[in-house]
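Subject: Structure for you to look at

Hello,

Here is the structure I said I would pass on. My notes follow it, arranged by residue and by helix pair.

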Amino acid sequence: MVSKRSYFFIGFFIGIFLMFSIFSFIIITSFKNGLTISIDMKDLSVPVSKKLQDVSAEELANVILEIKKNIPDITREILNSGKNEANLNISGFHIILPKAFVQEFESKISEIVEMALYKLIDTIDREDLVKGLSIKHQVIMEEFIRNELNNKKIDIELLERYSFPVKLNFR
């Protein structure tokens, strides 16, 4: 006759066997089909977009500083590309202007052009420009991730012989 203790051990071992079987089935199925990881695109793109916005703002500030440094050299180069001579024709009279006058005139023109360029650069709305760039960056990044990485299977090697497929899914 079988005792109550025997029923307990039989049930216990059958339970362990069933758990082991279910666990093995899950592992074998996972190794064949892989694991799917779903990632919300906003969880990824918002922090990256913020970082790109910070980097873009810093880079834009550096570019503007570099442009401002080069404005005097560029204006002098363009204005000095002439002969530094000026002739004035009024009703058939030909007047040659003195070099000192021409140089003074060029320096005033250069000063006016530089000030205008500085004002133009200072009126650029940097915040809107950076926000616009970061939005474009975010859209480009999301499109790239969806096109290149969505539903892509990646094999993760376990030990040296076995690999475990992981599928990325971006929402």
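Ser 110 sits in helix α3. In this predicted model the residue is buried, its relative accessible area being 8%, and that value falls below the 20% under which a residue is called buried. Apart from neighbours within four places in sequence, Ser 110 has contacts with Thr 75, Arg 76 and Leu 79. For a separation over a long distance, take Ser 110 and Ile 27: their C-alpha atoms are 76 Å apart in space, with the two positions 83 residues apart in sequence terms.

One of the partners of Ser 110 is Thr 75, and here the side chains meet in a polar contact of 3.4 Å. Thr 75 belongs to helix α2, which covers residues 41–79. Thr 75 is buried too, with a relative accessible area of 6%. A polar atom of its side chain also lies 3.0 Å from the backbone oxygen of Pro 72. Once neighbours within four places in sequence are set aside, the contacts of Thr 75 are Ser 110, Val 113, Glu 114 and Leu 117.

Glu 114 is another residue of helix α3. Is Glu 114 buried or exposed? Its relative accessible area is 14%, and because the limit for buried is under 20%, Glu 114 counts as buried. The side chains of Glu 114 and Thr 75 form a polar contact of 3.2 Å. Not counting residues up to four places away in sequence, Glu 114 touches Ile 71, Pro 72 and Thr 75. The side chain of Thr 75 therefore has polar contacts listed with Ser 110, with Glu 114 and with the backbone oxygen of Pro 72.

Next, the helices that carry these residues.

How do α2 and α3 lie relative to each other, roughly parallel or roughly antiparallel? Helix α3 covers residues 99–122, and its axis and that of α2 come within 10 Å and cross at roughly 155°. The two helices are roughly antiparallel, because angles over 145 degrees are put in that class. The crossing is right-handed. On the α2 side the contact is made by Ile 64, Ile 67, Lys 68, Ile 71, Pro 72, Thr 75, Arg 76 and Leu 79. On the α3 side it is made by Glu 106, Ile 109, Ser 110, Val 113, Glu 114, Leu 117, Tyr 118, Ile 121 and Asp 122. Sorted by class, this contact has ten nonpolar, two polar and five charged residues.

Helix α2 also packs against helix α4, residues 126–148: the axes come within 8 Å and cross at roughly 135°. This pair is oblique, because 135° does not reach the range over 145 that would count as roughly antiparallel. The crossing of α2 with α4 is right-handed. Its contact has twelve nonpolar, seven polar and six charged residues.

Two residues of α4 are worth a note.

Ser 134 is found in α4 and counts as buried, at 3% relative accessibility. Leaving out neighbours within four places in sequence, Ser 134 is in contact with Ser 49 and Gln 53. Ser 134 and Asp 54 are 80 residues apart in sequence, while their C-alpha atoms are 8.9 Å apart in space.

Asp 128 lies in α4 as well. At 48% relative accessibility Asp 128 counts as partly exposed, because exposed begins over 50%. From Asp 128 to Asn 87 the C-alpha distance is 47 Å, and the two are 41 residues apart in sequence.

Last, a residue in a strand.

Glu 157 is in strand β4, residues 153–158. Glu 157 is exposed, with a relative accessible area of 60%. Beyond its neighbours within four places in sequence, Glu 157 is in contact with Tyr 162 and Ser 163.

If you open one place in the viewer, I would take Thr 75 with its side-chain polar contacts to Ser 110 and Glu 114.

Regards

Notes. Residues are numbered from 1 along each chain as its sequence is written. This is a predicted model: local features need pLDDT of at least 70, side-chain atom pairs count only at pLDDT 80 or more; totals for chains, interfaces and linings use all residues. Side-chain values use heavy atoms; hydrogens and water are left out. Helices (H or I, at least four residues) and strands (E, at least two) are DSSP runs, numbered from the N terminus. Buried means under 20% relative accessible area, exposed over 50%, partly exposed in between (1.4 Å probe, protein chains only). A polar contact is a pair of N or O atoms within 3.5 Å; within protein, one must be able to donate a hydrogen and the other to accept it, and residues adjacent in sequence count only if both atoms are side-chain atoms. Contact means heavy atoms within 4.5 Å. Axes are lines fitted to C-alpha atoms, for helices over the stretch in contact, and angles run from 0 to 180 degrees between N-to-C directions. Angles under 35 degrees count as roughly parallel, over 145 as roughly antiparallel, 65 to 115 as roughly perpendicular and the rest as oblique. A crossing is left-handed if the near helix is turned anticlockwise from the far one by less than a right angle, and right-handed if clockwise. Ala, Val, Leu, Ile, Met, Phe, Trp, Tyr, Cys and Pro count as nonpolar, Asp, Glu, Lys and Arg as charged, and the others, Gly among them, as polar.
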